[in-house]
Amino acid sequence: MIRELALIDVLYLIAAMRWTLALTAIAFLGGAFFGLFIALLRIAPFAPARWLGAAYVNAVQGTPLLAWLFVFFFGLSIVGVTVSPWIAAAAAYSIYAGAFLGEIWRGCLQAIPQTQWEAGASLGLSFSAQLRYIIVPQAFRLAIPPTVGFLVQLIKNTSLAAVVGFIELTREGQLTTATTFRPFTVYLIVAALYFALCFPLTQVSRRLERRLHVAR
Amino acid sequence: MSLVELKDVVKRYGNNTVLNGVSLGVEKGEIIAIIGRSGSGKSTMLRCINGLEPIQGGSVAFDGRIVNDPATDLRELRQHVGIVFQSFNLFPHLSVEKNITLAPKVVKGMQQSEARLLAEAVLRKVGLGEKIDAFPDQLSGGQQQRVAIARSLAMQPVLMLFDEITSALDPELVGEVLKVLEEMARDGMTMILVTHEIGFARKVANRVVFMHQGKIWEQGPAAATLGNPNTPELETFLSAVLH
Amino acid sequence: MTYRFNFRDVFAAWEFLLDGLVLTLQLSLVSIVCGLLIGIAGAAARVHGGPWLKTLVATYVEVIRNTPLIVQLFLIFFGLPSAGIKFDANTAAMVALTINLGAYSTEILRAGLEAIPRSQIEAGQALGLSGLQIFRYVVIFPAFRLIYPALASQFVLLMLATSVVSQISAQDLFHAASIVQSRTFRDFEIYTVIAAAYLALALALRFLLGLLYQLVFVRR
């Protein structure tokens, strides 16, 4: 039964944003966990560790997010492993985000000049101590703008969860379109809502980057 | 009629007045050395002559044409004024030959064969004939600067401007560049040089112009002015530079 | 109940998957070329255009970069018909991907253009070159060389993102995978095989782009 597009539909769309945000948060936390691990792996003074980290990053960055979603949502249940949609989503997005955050953070760690490491070593600090007290604090500052930038990517990527039936903003848009038959208006609203989430973050990331360059 | 005529030129960057009423006439065939502290406005004044710097007051004329007039075709004018910069500004992705032949081919419509002959000729003049197919990053600073000079010469200008062209060079490379300039002077080129090389100015320039606080503070025949400064500012400047 | 992995069913459908792969490659190629052209024009507009043009391009870039590709795709395929513009699935896919890549390329190329030192441009001006001549002979080649890695990464990302067009039933590789899945119910196998296929494509594309860089930008 076709219904007219009403204010209530818009409100439902806005309400669906909370699932987008929740999914983003989970993806970011999971991704941060993996990402930190991967970044450290890739700068470890131990070649096989570095190779493993690189392989992970290349594998994940070379495959579409949709594939991961499908594998976790449908593939696992077929082989007999039952997972709730949230666990499946969390797993897929964490693996995905972990690779990208790992790359970003590795870049920041490597951007700290060799001379800083040398200064630490000359003071007798171990590798992990140099990392902890000298390198990471400086790399952290560098990492904030691109990490915020990636957060924007993540928010947009949660839209793919709609494809596997996960309820968030895009899926809500599909459902609303199905009942009101107004795809143009509905998707325009959906786009506007994503824009409202992403654009401010993009601006924050830019401002942070400018301030970072001025400070250096 | 002077080749270059600056009348009461005023130039500001925001609130900072860099040129405060500068008037200067340069005749054909003259060699002018402009000296002064950094911030005195020397480079800015030079860059006004070929329109790289817009001015807020006064007028700049080249060969009778008003440079700061919006109606003037600056592109056409710049074909007759060559400028060499402190940081050479060679095009890194082009070979020496292509650096030199780009403007003649693209602006004057010269054919490749003719352009290459021209490139060979100007490179011989600066003593780098064998480097015609090299790339800028394969050359030393002094060689790059000489290529930059050759590049400007290829457009056969009537006036050459030099903006502190030896300041960025290692000391042992300065000599080879100055030699080229001396030869250009002997050939009768009109040259205006902003320079720190006081010895060179005394030897080669007809006239020395000392700039201070955005004004021409003192000017006169090279040897006389440098040997006997009239103003305390020039005296202080010379003793600071020559020690 | 233990699951018996059966990749044979997946590999048996290889011809069908190949058709999907061909469309994926076609979509990628067309979008990359057209997106790049838009990027060059957009970057030039943002650096040298008048204020009105600059704002227009900036708006385009910000809107595209702050909304998901899938929503842009749905807007073009499902939404535009009500405004009178009807595309078939493949065309809609091409349009959406091109517009999307155009925005990202504009940003990347703009950074490249702005990285060229002012002194290079002045040198060109001093020689009497026109603005267009300076852009063509002095600026664009070094700018491209500078941002090539970032652009190459964006191209690979686009190729992977083409998987999204399966959702409007464009018959790309991912769509082919879904069809095979619906016939064989081998979800795990088909999607891992597909992931591997995309990975191979991504590596191949990276390699080709790296080769192109060597041929064009590295002096011998």
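Analyst: A helix here is a DSSP run of H or I with at least four residues, and a strand is a run of E with at least two. The model is predicted. By that rule, chain A has eight helices and zero strands.

User: What makes the pattern of chain A, read along the sequence, what it is?

Analyst: Each qualifying run is numbered from the N terminus. In chain A the pattern reads α-α-α-α-α-α-α-α. No strand interrupts it, because zero runs in chain A meet the strand rule. The C-alpha trace of chain A spans about 75 × 50 × 20 Å along its principal axes.

User: How do you know what span to expect for helix α7 of chain A?

Analyst: Take 1.5 Å times one less than the number of residues. Helix α7 of chain A, residues 169-180, has twelve residues. The expected span is 16 Å, and the helix reaches 16 Å from its first C-alpha to its last. What follows α7(A) is Phe181(A), whose phi is positive, near 55°.

User: Why are Leu169(A) and Thr170(A) of α7(A) called buried?

Analyst: The cut-off is 20 or more other C-beta atoms within 10 Å of a residue's own. Leu169(A) and Thr170(A) are listed as buried, so each meets that count. Arg171(A), Glu172(A), Gly173(A), Thr176(A) and Thr177(A) are the other buried residues of α7(A). Across chain A, buried residues make up 40% of 216.

User: What makes the largest nonpolar core a core?

Analyst: Its members must be buried nonpolar residues joined through C-beta atoms within 7 Å. The largest such set has 196 residues. Leu69(A), Ile34(B), Leu73(C) and Ile194(C) have the most contacts inside it. This core also draws at least three residues from each of domain 1 and domain 2 of chain B.

User: Which residues does Leu69(A) touch, leaving out those up to four places away in sequence?

Analyst: They are Ala92(A), Leu160(A), Ala161(A), Val163(A) and Val164(A). Contacts of longer sequence range are common in chain A as well: among contacts between residues at least 6 apart, 78% join residues at least 24 apart.

User: How do you know which residues of chain A and chain C are in contact?

Analyst: Two residues count if their C-beta atoms lie within 7 Å. By that test, 31 residues of chain A are in contact with 33 residues of chain C. Helices α3 (65-78), α6 (127-157), α7 and α8 (183-215) of chain A each give two or more residues to this side. The largest share, eleven residues, comes from α8(A).

User: Why are 22 residues on the side of chain A that touches chain C classed as nonpolar?

Analyst: They are classed as nonpolar because each is one of Ala, Val, Leu, Ile, Met, Phe, Trp, Tyr, Cys and Pro. The rest of that side is eight polar residues and one charged residue.

User: What makes up the contact between chain B and chain C?

Analyst: It takes 18 residues from chain B and 16 residues from chain C. On the chain B side, α2 (74-78) and α3 (96-108) each supply at least two residues. The largest share, four residues, is from α3(B). By class, the chain B side has eleven nonpolar, five polar and two charged residues.

User: Why is chain B said to have two domains?

Analyst: The bounds come from an automatic or database domain assignment. That assignment gives domain 1 (1-80 + 159-243) and domain 2 (90-156) of chain B. Their centres are 25 Å apart, taken over C-alpha atoms. Ten residues of domain 1 are in contact with eleven residues of domain 2. Helix α6 (residues 171-186) of chain B gives the most to the domain 1 side, with four residues.

How values were computed: Residues numbered from 1 in each chain as written. Chains lettered and ligands numbered in written order. Predicted model: local features only at pLDDT ≥ 70, side-chain atom pairs only at ≥ 80, totals over all residues. Buried ≥ 20, exposed ≤ 12 C-beta atoms within 10 Å, placed from the backbone.
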